[in-house]
Amino acid sequence: MDHTDRHDALLEAATAAGTHGEDIEILPNTRLDHAGCQFHTALAKDRFDAPERALATLPDGTVVAAGDEAGLARLLSTCGADAPADWWADVVARFADAVEGKAVHARNAADIAAIAALGASYAPPSLERTGSGAVLHFVAIAYEPTRAAEVVARLQGDASIEVTATPVGH
């Protein structure tokens, strides 16, 4: 798949996932690129209040959009075999509908302080690989209003994932 075909596939996926506008921009998110998977963000440039849409391409050119649980499972199983827990947490936070906000990492002192102010405690992302699956634990935080959740993602092979987010704090 060449660059033009990939860009067209990303535009199509962004539109199908709910990003509307005359001028959709696809931006690379190379910080997350891993093991042949490439990550992107779709923006509707003509609407400053439009939400960002997370997208990824698998090594075979398949496009995964945020909210596609089967696609998320395939993304993690295809490109996450040797990825650290922090990477998994970022990917799950961006692609799973159950998660509001971003994954919190040990380097995010302000987010950890905000979690403590809510009366909750922070633990870094952890990943336990189990045969063909995995179990991921992490804390997510969202602002306006500030709220946090403990997230558990259970990947069963490459076909399905179950993501739960339990609110923490007061």
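This passage walks through a predicted model of a protein chain, from its overall make-up to a few local details.

The protein chain contains 4 helices and 9 strands. Reading from the N terminus, these elements follow one another in the order α-β-β-β-β-α-α-β-α-β-β-β-β. Of the 170 residues in the chain, 44% count as buried. A look at contacts with a separation of 6 or more adds to this picture: residues 24 or more positions apart account for 45% of these contacts.

A good place to begin a closer look is the disulfide. The structure holds 1 disulfide, and the residues it joins are Cys37 and Cys79, with a distance of 1.8 Å from S to S. In general terms, a disulfide is a covalent bond between the sulfur atoms of two cysteines. The link of Cys37 and Cys79 is right-handed, with 75° about the S-S bond. Which parts of the chain does the pair tie together? Cys37 lies in the loop between strand E1 (24-28) and strand E2 (38-44), while Cys79 belongs to helix H2 (residues 69-79), so the pair connects parts that are 42 residues apart in sequence. Are these two cysteines buried or exposed? Cys37 has a relative accessible area of 2% and is therefore buried, since buried means under 20%. Cys79, at 1% relative accessibility, counts as buried too.

Cys79 also leads to the next feature, the packing of two helices. H2 and helix H3 (residues 85-95) pack at an angle of about 160°, and their axes are 11 Å apart. Because angles over 145 degrees count as roughly antiparallel, H2 is roughly antiparallel to H3. The crossing of H2 and H3 is right-handed. On the H2 side, the contact is made by Leu72, Leu75, Leu76 and Cys79. On the H3 side, Trp87, Trp88, Val91, Val92 and Phe95 take part. What kinds of residues make up this contact? The residues of the contact of H2 with H3 divide into 9 nonpolar, no polar and no charged. Cys79 thus has two roles in this description: it is a partner of Cys37 in the disulfide, and it is one of the H2 residues in the contact with H3.

Helix H3 deserves a few words of its own. How many of its 11 residues are buried? In H3, 9 of the 11 residues are buried, so this helix is largely enclosed by the rest of the structure. The buried residues of H3 are Ala85, Trp87, Trp88, Ala89, Asp90, Val91, Val92, Ala93 and Phe95. Among them are Trp87 and Trp88, which also make contact with H2.

Two further residues show how the fold brings together positions separated along the chain. Glu25 lies in strand E1 and, at 28% relative accessibility, counts as partly exposed. Glu25 and Thr41 are 16 residues apart along the chain, and their C-alpha atoms are separated by 8.1 Å. Leaving aside neighbours within four places in sequence, Glu25 is in contact with Thr41, Ala42, Leu43 and Lys45. The second example is Gln156, which lies in strand E8 (residues 147-156). Gln156 counts as partly exposed, at 40% relative accessibility. In sequence, Gln156 and Ser77 are 79 residues apart, whereas in space they are 9.1 Å apart, C-alpha to C-alpha.

Finally, the backbone has some details that are easy to look up in the model. Most residues other than glycine have a negative phi, and most peptide bonds are trans. Where does a cis peptide bond occur here? A cis peptide bond joins Glu144 and Pro145, with omega about -5°. Pro145 is placed in the loop between strand E7 (133-142) and E8, and Glu144 is in the loop between E7 and E8 as well. Glu144 is not a glycine, yet its phi is positive, at about 65°. With a relative accessible area of 78%, Glu144 is exposed. Ala35 also has a positive phi, near 50°, and is a residue other than glycine. The loop between E1 and E2 holds Ala35, and the relative accessible area of Ala35 is 48%, making this residue partly exposed. Cys37 of the disulfide lies in the loop between E1 and E2 too.

Methods: Residues are numbered from 1 along each chain as its sequence is written. This is a predicted model: local features need pLDDT of at least 70, side-chain atom pairs count only at pLDDT 80 or more; totals for chains, interfaces and linings use all residues. Side-chain values use heavy atoms; hydrogens and water are left out. A disulfide is a pair of cysteine sulfur atoms within 2.5 Å. Buried means under 20% relative accessible area, exposed over 50%, partly exposed in between (1.4 Å probe, protein chains only). Axes are lines fitted to C-alpha atoms, for helices over the stretch in contact, and angles run from 0 to 180 degrees between N-to-C directions. Angles under 35 degrees count as roughly parallel, over 145 as roughly antiparallel, 65 to 115 as roughly perpendicular and the rest as oblique. A crossing is left-handed if the near helix is turned anticlockwise from the far one by less than a right angle, and right-handed if clockwise. Contact means heavy atoms within 4.5 Å. Ala, Val, Leu, Ile, Met, Phe, Trp, Tyr, Cys and Pro count as nonpolar, Asp, Glu, Lys and Arg as charged, and the others, Gly among them, as polar.
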